[in-house]
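Student: I am new to this structure and would be grateful for a close look at a single part of it. Please take me through the surroundings of one residue and then through the charged pairs.

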Amino acid sequence: MIKFLDLSGQYEGIKDEIDGAISSVLSECAFIGGKHVKTFEEAFAAYQNAAYCVAVGNGTDALEIALEALQLNPGSEVIVPANSFIASSEAVSRTGHKVVFCDIDPGNYTINAEDACQRITGKTSAIMAVHLQGHPCDMDPLLKLARNHDLKIIEDCAQAHGAEYKGARVGCIGDIGTFSFFPGKNLGAYGDGGAIVTANPGLAERSRKIANHGRLTKYNHEIEGRNSRLDGIQAAILTVKLRHLESWTEKRRFVAATYKKLLKDSDIITPVEMDNVRHVYHLFVVRVGNRNFVQKELKEHGIATGIHYPVALPHLQAYKHLGYSSDDFPVATRYSGEILSLPVYPELRTDQIECICKHLRNTTSSSL
Ligand SMILES: *Cc1c(COP(=O)(O)O)cnc(C)c1O
């Protein structure tokens, strides 16, 4: 049996450190705010090379708070890639903006800047760059669009902790970046968690206010905000895990390289890594012609896989009212029927990767 994720294996490797961190939070009763949260914010800002980090309740809140902090024109349009998790687009609608979807790049599966350009109107205020699967978006063309059309760039880095574009860690390449610490992410808490990073002190301060009832100090509520906080236990856990993240990321990259080597000259299309980026392989997504059959066959051999995502966002029930057709997003629509996420995590052994590749080769047909 090969699991899709092995969180218990990871915990076993760092059990003493984690248990120690949790018990110190318990004995200090530092449940909300306090030193563990501050320590984590500083460590994560340093890791992402960000001037500011504001820890919040989860990755979806991080997106909503970041969008609100940007103070975009009410009702303005935000361009979101058609292949992402629904949180990316949900946050846009929930903060009073209109979602405008665009297609993805056929090579690296992230937002297609040329297509995004076609969707810009007089009402567009921002572009959401989702660094999907751990691969950074091609940021230069997006930054150029932002300059030429006076747009903000928000980076959804939920799948891209430690990823780099031309030497820069994601999150502060655009105006503001958001992270999720959902347990299955590359840096995962033992519950919900999220963070906002930015190089802009004004955006950092506004984000912090919004996340904490519109205040920076007790009872001094300058605006109406909300409650979205990372708790002390999660912060302490994340601080421990952050120390291991580089070595875990290198192991993910090794797993990916092994897959690519073993699947060379087959009918299986493996992910490409652009020049000048560091892909952190939150997911290892291949494409095959007979996807559903392949997934079923692998399952019968005890190999768990996933599909990220089976339906492109514009085609979900939630977005029917936008009236898009599949012709509007040819790449995202076609890929949603071909993509298959293979197990990728630091604990995955080479003999397991070999087993997965053997069964994959046996079940794929060249119908792509
Ligand atoms: C996981 C994820 C989110 C949401 O994060 P939560 O912490 O689960 O709210 C947002 N965007 C993307 C791309 C994600 O993968």
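Tutor: What follows is an account of one residue, Q159, and then of several salt bridges.

The model is predicted, and the distances and areas below are computed from it. Q159 is found in the loop that runs between strand 5 (152-156) and strand 6 (164-165). Is this residue buried or exposed? Q159 has a relative accessible area of 6%, and because the cut-off for buried is under 20%, Q159 counts as buried.

Which residues surround Q159? Apart from neighbours within four places in sequence, Q159 is in contact with H131, L132, Q133, G134, V280, H282, L283 and Y309. Two of these residues can be described in further detail. For Q133, the backbone nitrogen lies 2.6 Å from a polar atom of the Q159 side chain. For Y309, the side chain is joined to that of Q159 by a polar contact of 3.0 Å.

The second topic is charge. Side chains of opposite charge can pair when their charged atoms come close. How many salt bridges does the structure hold? There are 20 salt bridges in the structure.

One of them pairs E17 with R243, with 3.4 Å between the closest N and O atoms. E17 belongs to helix 1 (residues 7-28) and R243 to helix 8 (residues 232-262), so this pair ties together parts that are 226 residues apart in sequence. The partners may also be described by their accessibility. E17 is partly exposed, at a relative accessible area of 30%, whereas R243 is exposed, at 58%.

Another salt bridge lies between E273 and R253, whose closest N and O atoms are 3.0 Å apart. This pair links distant parts of the chain: R253 is in helix 8, and E273 is in the loop between helix 8 and strand 10 (277-278), the two being 20 residues apart. Both partners are partly exposed: E273 has a relative accessible area of 26%, and R253 has one of 24%.

A further salt bridge is formed by E164 and R169, the closest N and O atoms being 3.0 Å apart. R169 is buried, with a relative accessible area of 15%. Which residues are linked in a network of salt bridges? The network consists of E164, R169, E246, E250 and R278.

In review, Q159 is a buried loop residue with a side-chain polar contact to Y309, while E164 and R169 form a salt bridge and belong to a network of such bridges.

Terms used. Residues numbered from 1 in each chain as written. Predicted model: local features only at pLDDT ≥ 70, side-chain atom pairs only at ≥ 80, totals over all residues. Heavy atoms only, no water. Helix = DSSP H or I, 4+ residues; strand = E, 2+ residues; numbered from the N terminus. Buried < 20%, exposed > 50% of the residue type's maximum accessible area, 1.4 Å probe, protein only. Polar contact = N/O pair within 3.5 Å; in protein donor to acceptor, adjacent residues only side chain to side chain. Contact = heavy atoms within 4.5 Å. Salt bridge = Lys/Arg side-chain N within 4 Å of Asp/Glu carboxyl O.
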